[in-house]
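This report covers strand pairing, helix packing and cysteines in one model. The sequence and structure are shown first.

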Amino acid sequence: MSASPRPTLLSLGSINADFQVRVDQPPGSDETLLAHHFHRFAGGKAGNTAWLGATYGHRSLLLGRVGDDELAEQALGSLRDAGVDVSGVTVAAGEPTAVSMIIVPPDAKKHIILATNANDCWDAPAIDAMVRVIEHTDPPACLVVDCEVPAAVVLRAVQAARRKNIPVVLDPSFPDRVSDELLACLHAVTPNTSEAEALTGRNIQTLEDAAWAARQLRERGARIACIKLGDGGCVLDAGSGAIHVPAGNMRPTDTTGAGDAFTGVFAVALLEGREPREAAAWGVAAANLAVTGYGSKPAYPDREQVRSMAAQLLDDARCLDGAG
């Protein structure tokens, strides 16, 4: 009897070189801020998701663009070392690799300035090469996409995945690049509250607001909508009513990459056949544990840490009735 095929996580989107510092007072004054704890990391939403796929034991393929500069190796080196297949990453000739400049103040709520650079520079050969990778991937697989690459690239990828019966999980950053045509192709969408507000036109101040937004996104086509809350919890709607998965009691050190940890681990859990409610708890656990360390990938928890915390969170999850 032949072995079951190894599940594949495909990650398409931003691939960045991160430059991160801590400061002892909030940014915003005209004075020069003194910083410390300077680090250079591999970053980007797709890069973070691909790293999680590989470290959680799956075949992980990264799709995206880097520049023809020395920062490309910073963006890809640790991914390659973790076992991510980066052969689907193409080079944007004459363009720099995307750069993310991250400031972490005392309250741990990071401030990010992103130069998209190569992430936004796709030509027809690069798009066709990306589509071929998806077309040559067989289920079981899951495609995780973010909108920090052009909308046309995202749509081509999602359509290719749909032809292969590969479910798609979308991180809708940037939300102005999300169309109803795209939403209609999704298995799941995971906006934070500000992204959900942009997508639905309604302020989200309560759990009921989040439940309403999740239902709206489902009515526009996504099978599963999961709203990532500012406190680290989430509101999930998978078709049988809204469920609130609460945050854990964690003291944040750095919130960089926490949303990516949620989406990446949520997608991994779905890829492994977990029900949406359990997958959401895995995502919440991953995001909550991620904020306890500095940086994104260096702070990401392992499978056992997530499994243990998710089991506790599921016990505290509750249905939200009468959301409207």
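In this predicted model, strand E6 (residues 98-104) and strand E7 run antiparallel and are joined by five bridges. Within this pairing, Val 99 of the model stands opposite Ala 115 in E7.

Both strands belong to an open sheet of four strands, whose order is E3-E2-E6-E7 and whose pairing is mixed. Strand E3 (35-43) and strand E7 (111-115) stand at the edges. Each of these two has a single partner strand, so one side of each is left without a neighbour in the sheet. From one strand to the next, the twist averages 15°. Strands of a sheet pair through backbone hydrogen bonds, in either a parallel or an antiparallel manner.

A helix packs against part of this sheet: helix H2 (residues 71-81) lies across strand E2 (16-23), E3 and E6. The direction of H2 is at about 85° to E2.

The cysteines are the next topic. How many disulfides does the structure hold? There are zero disulfides. For Cys 121, the nearest cysteine sulfur is that of Cys 147, 17 Å away. For Cys 147, the nearest cysteine sulfur is that of Cys 185, at 12 Å. A disulfide requires the two sulfur atoms to be within 2.5 Å, so neither Cys 121 nor Cys 147 is in one.

The two residues are listed below with their exposure.

| Residue | Exposure | Relative accessible area |
|---|---|---|
| Cys 121 | partly exposed | 24% |
| Cys 147 | buried | 1% |

How values were computed:
Residues numbered from 1 in each chain as written. Predicted model: local features only at pLDDT ≥ 70, side-chain atom pairs only at ≥ 80, totals over all residues. Heavy atoms only, no water. Buried < 20%, exposed > 50% of the residue type's maximum accessible area, 1.4 Å probe, protein only. Pairing = 2+ DSSP bridges. Axes fitted to C-alpha atoms, helices over the stretch in contact; angles between N-to-C directions. Contact = heavy atoms within 4.5 Å.
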